[in-house]
Each structure stands twice: as C-alpha cells, then as structure tokens.
Amino acid sequence: MSVFLVTWNLNKEGSAYNVARQRLIDKLNEYPNVHDSRLDTVWFVESGFAASAVSADIRTKLDDNDRLFVTQLHKGYHAGWISKTVWNWINA
C-alpha cells in the first residue's frame with residue numbers, strides 16, 4: 001500500500017460548491033485517509049493502486065472545470081508543517 005497526496009480545487013459557486021465538496025469527500029472516505037483541518041483541500045489517502053488509478057477514481061466526482069492532483073509519497077522525500085497526527089499516519 002502507498003500513501004498519496006490528493007489536492008483539488010472545485011470551481012463551483014454557492015450551494016453547488018457544498019454539494020460537490022461533500023460528494024468528493026464521500027469518495028475520499030472510501031480510502032483509508034487522513035487530513036490536516038488547516039489544509040482543507042489536501043488529503044492523504046492510502047491505496048494499492050497507482051496514482052493514475054486513484055486519480056481516475058476520484059475524478060469521477062469532479063466536473064471538467066475542477067482540478068485534481070494526486071502524487072505518491074516516498075519515505076524520506078517529503079517535508080512540511082502539518083499536524084503531528086497526520087505525520088504519524090503518513091509515516092506509519
């Protein structure tokens with residue numbers, strides 16, 4: 001299993017944003033995951049599939065005007081300032 005950083009931008013307005021965001025979060029919750037509440041559109045998910053497959057799966061909940069980026073994390077090749085809980089989950 002690998003850990004992937006998933007980040008997105010939903011280009012919706014008003015209540016459409018809330019509906020689209022919830023659909024996306026429901027999809028992300030299908031994966032083992034963790035996120036730092038201060039990075040709203042950045043989640044870390046775990047999967048045995050490649051980044052392209054994870055991206056394609058999540059993409060099913062997005063429109064053509066939305067944006068998505070998925071990348072696999074490799075031990076020792078990431079750094080940042082996020083919550084200790086998130087670091088512990090990523091590094092486990």
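Contact here means heavy atoms within 4.5 Å. Axes are lines fitted to C-alpha atoms, for helices over the stretch in contact, and angles run from 0 to 180 degrees between N-to-C directions. Helices (H or I, at least four residues) and strands (E, at least two) are DSSP runs, numbered from the N terminus.

This is a predicted model: local features need pLDDT of at least 70, side-chain atom pairs count only at pLDDT 80 or more, and totals for chains, interfaces and linings use all residues. Residues are numbered from 1 along each chain as its sequence is written, and side-chain values use heavy atoms, with hydrogens and water left out.

**Stop 1: the sheet**

Select β1 (2–9), β2 (33–34) and β3 (42–47), then add β4 (67–72). These strands form an open sheet in the order β2-β3-β1-β4, with antiparallel pairing. β2 and β4 stand at the edges with a single partner strand each, so one side of each has no neighbour in the sheet.

Now check the pairings; two strands pair if DSSP finds at least two bridges between them.

- β1 with β4: six bridges, antiparallel. Pick tryptophan 8; its bridge partner in β4 is leucine 68.
- β1 with β3: six bridges, antiparallel. Pick threonine 7; its bridge partner in β3 is valine 42.
- β2 with β3: two bridges, antiparallel. Pick valine 34; its bridge partner in β3 is phenylalanine 44.

Stay on β3 and colour by accessibility. Buried means under 20% relative accessible area, exposed over 50%, and partly exposed in between (1.4 Å probe, protein chains only). Five of the six residues of β3 are buried.

**Stop 2: α2 and α3**

Select α2 (51–59). α2 lies across β1, β3 and β4, and runs at about 150° to β4. Next, select α3 (residues 84–91). This helix packs on the sheet and touches β1, β2 and β3. The direction of α3 makes about 25° with that of β3.

**Stop 3: α1**

Select residues 15–28, which form helix α1. Its 14 residues reach 20 Å from first C-alpha to last, close to the 20 Å expected at 1.5 Å a residue. That expected span is 1.5 Å times one less than the number of residues.

Which residues of α1 are buried? They are Ala20, Leu24, Ile25, Lys27 and Leu28. Look down the axis of α1: these buried residues fall within an arc of 155°, so they line one face of the helix. The arc is that of the directions from the helix axis to the C-beta atoms.

Show what covers this face: β1, β2, β3 and α2 are among the elements that do so. Then turn to the face away from the buried side, where Ser15, Asn18 and Val19 are exposed.
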